[in-house]
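Where does this protein enclose empty space, and what lines it? Here is a brief report on its internal cavities.

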Amino acid sequence: MNQWAPILIFLLITGLLLAAGCTGALPAQKSQSQTPVPPASRPTGESLAKVTLAGLTGQVKEAVAFAQENGRETAISAFNDPNGSFVRNGVYIFAESYDGTALAEPFEHELVGTNILDMTDRYGVPLVKKLGETARFGIGYVSYDYPNPQDTMVARPKLSVVADVDGTYYVGAGTYAGFGMVYPSTGIGQKNRDYTTGDLTAFVKSAVAYAKANGKEKALAAFNDPKGQFADGELTLIAVDYNGTVLANPLTPDTANNRINLINYHDPDGVTTIREMRDLSLSGGGFSYTVVAATKGGKTWYAPKIDYAEPVDDTYWVFSGIIVPEYEQLREGNLTGITVRNHTRTELYDLVDRTVTYAKANGREKTLAEINNPGGQFVNGDLFVWAEDFNGTILADPYWKEGIGKNWMDYMDPYGSKTTVLNINAIRSGTGFTHAMFMDTAAGQKSSVPKLLYAQAVDDTWWIGSGIYGVQGP
C-alpha cells in the first residue's frame with residue numbers, strides 16, 4: 001500500500017518550501033498592505049529543493065552554537081544581515097527575546113526593537129507566544145498559518161524550528177509547507193492486520209505496565225526499538241514528556257534523539273494533537289483524534305485516526321493510534337457512503353469568530369436567542385454554532401433542542417472520547433480546534449461521523465463552538 005505514509009507519528013517532513021522567518025512576510029495579522037519580502041529572500045527552484053526539515057533544524061542549531069560562542073551582540077548583528085552567512089536557500093535566521101521583542105529580522109528591519117508578543121495567525125493562534133514557549137524547552141517545531149508572499153498572500157501552513165540560546169532569547173527559521181509536506185501527527189505505520197480500539201488500548205496499557213515494572217531507561221530503550229515488542233505495524237508506541245518533548249519514537253528516531261518538542265505542532269486541521277493528548281494524560285489518559293493522509297491516483301484525502309494516551313508516571317506518558325475502524329475503506333480510496341466535507345476550516349473559524357464578536361456587542365440573552373433560531377444569521381445548512389458554558393451545559397443549539405440545559409462534560413462518543421472536555425481544553429490552549437465523532441444533527445443522522453470542531457470563549461463563563469462534518473476529500 002504505497003499510497004500511505006509508511007511511518008507513524010513525527011514523520012520527517014519533505015517537500016518544504018520557502019522560509020520567511022518568524023512570522024512570514026507580514027508583521028501583523030491579516031494585513032494585506034505591507035511590503036512583501038524583498039526578492040533577495042525569495043527562493044529559486046534550486047533552493048526550494050534544498051530546504052528540508054533536517055536542514056532547517058541544522059541551520060537553527062548552527063545559529064545557536066554561533067551565538068553561544070560569539071555572544072549576543074555579534075550574533076544579532078550577523079542574523080540581521082540580509083547578505084550574511086545565515087541566509088541560505090531562501091531560509092534565514094530570526095531572533096526574539098522571550099518578552100516578545102524582535103531582535104533579528106534580516107528582511108524586516110522595521111520590526112527590530114518592537115514587541116510582537118501578541119501577534120496572531122489567521123486563526124487567532126498567538127504564534128509568537130507559541131514560538132517562545134517551545135524554545136524554552138530546548139528545541140522544537142511550531143506550526144501556524146500565515147500569509148505566503150509567494151502565493152498572493154494567502155494564509156498557508158508554516159513550520160518554524162526554534163531553539164533557546166541562553167535563557168533570554170531564542171533563534172529560529174521557518175518555511176512554508178509544500179505539496180509534499182506530511183505533518184508529524186498524520187503519519188501511520190504499515191497495516192499488518194485489522195486493529196480494534198480494544199487492541200489499541202491493550203497495547204498502550206501493556207507498555208505502561210512494562211515501563212512501571214522495568215523502569216524508565218529500559219522502557220524507553222524498548223519503545224525506541226523499531227523491531228521490538230512495541231512496534232506492531234500500525235501499533236507503534238510513542239513516549240513524550242509533559243512538556244511535549246519526544247522521548248521515544250522507533251520509526252523516526254531523530255525526534256527522540258534530538259529531544260524535539262512538539263507541544264505547539266498541529267495537524268492539517270489545526271489540532272495540536274500532542275498538547276491534546278498531554279492534557280488527557282494529566283487527567284489519567286483517554287482518546288482523541290487526528291487525521292491520516294492517504295494518496296491514490298494523484299489525489300489525497302484524510303481518514304480519521306484515533307489515538308489513545310495514558311500516563312506512565314509524573315514525568316512522561318505514552319500513546320499509539322489506528323485508523324477509526326469504520327473508515328478502513330479509505331485506505332484504498334473508497335469514499336462510498338463516506339460523508340465528505342462541504343465547508344472549509346476557514347469558514348468554520350470565521351463563523352465562530354463572527355458569532356463571538358456579535359455576542360460581545362449584543363450580550364448573552366440576545367445572542368442565545370439568535371443561535372437558537374434555525375433560520376438565523378448563524379446557521380448555514382449543516383454549518384451552525386451552539387453555545388455552552390465552561391461547566392459543560394449547553395445554552396443554545398438551533399437543531400439539538402433536547403440537549404439544551406443538560407450537562408455534557410462527561411459525555412463520551414462511541415469510542416470513549418470526551419468531546420466537551422477536548423473543546424474546552426482547545427479553547428484554553430489558545431488554538432480552539434479539535435476533532436470528534438458526532439451525529440450530524442442538522443441532517444437528522446443518528447450515527448456518528450468525523451467532525452472538526454472549533455470553539456472560542458466569549459468571556460470566562462461561556463463559549464461558542466461549531467463544526468464541519470465528514471472527511472476532507474481530494
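## Lining of the largest cavity

In this predicted model, 17 residues line the largest cavity. Nearest its centre lie Trp386, Ile394, Trp400, Thr419 and Phe438. The volume of this cavity is about 200 Å³.

Four elements each supply at least two lining residues. They are strand 17 (383-389), helix 11 (419-429), strand 20 (448-457) and strand 21 (462-469). By class, the lining of the largest cavity holds 10 nonpolar residues, 4 polar ones and 3 charged ones.

## The second largest cavity

The second largest cavity holds about 90 Å³ of space. Its lining has 16 residues. Val291, Pro304, His435, Pro450 and Lys451 are the closest to the centre of this cavity.

Strand 13 (286-296), strand 14 (299-311), strand 19 (433-439) and strand 20 each give two or more residues to this lining. Strand 20 also serves the largest cavity, where it again supplies at least two lining residues. In the second largest cavity, the lining is made up of 10 nonpolar, 4 polar and 2 charged residues.

## Position between domains

Where does the second largest cavity lie with respect to domain 2 and domain 3? Domain 2 (197-332) gives residues to its lining, and so does domain 3 (345-469); the second largest cavity therefore lies between them.

## Overall count

How many cavities of 30 Å³ or more does the model have? The count is 4. The largest of them has about 200 Å³ of space.

Technical notes
Residues are numbered from 1 along each chain as its sequence is written. This is a predicted model: local features need pLDDT of at least 70, side-chain atom pairs count only at pLDDT 80 or more; totals for chains, interfaces and linings use all residues. Side-chain values use heavy atoms; hydrogens and water are left out. On a 1 Å grid over the protein atoms alone, a cavity is a set of points where a 1.4 Å probe fits but cannot get out, and a pocket is an open set with protein on both sides within 12 Å along at least five of seven lines; lining residues have an atom within 4 Å of a point. Grid points are joined across faces, edges and corners, and a volume is the space filled by probe spheres set on the points. Ala, Val, Leu, Ile, Met, Phe, Trp, Tyr, Cys and Pro count as nonpolar, Asp, Glu, Lys and Arg as charged, and the others, Gly among them, as polar. Domain bounds come from an automatic or database domain assignment.
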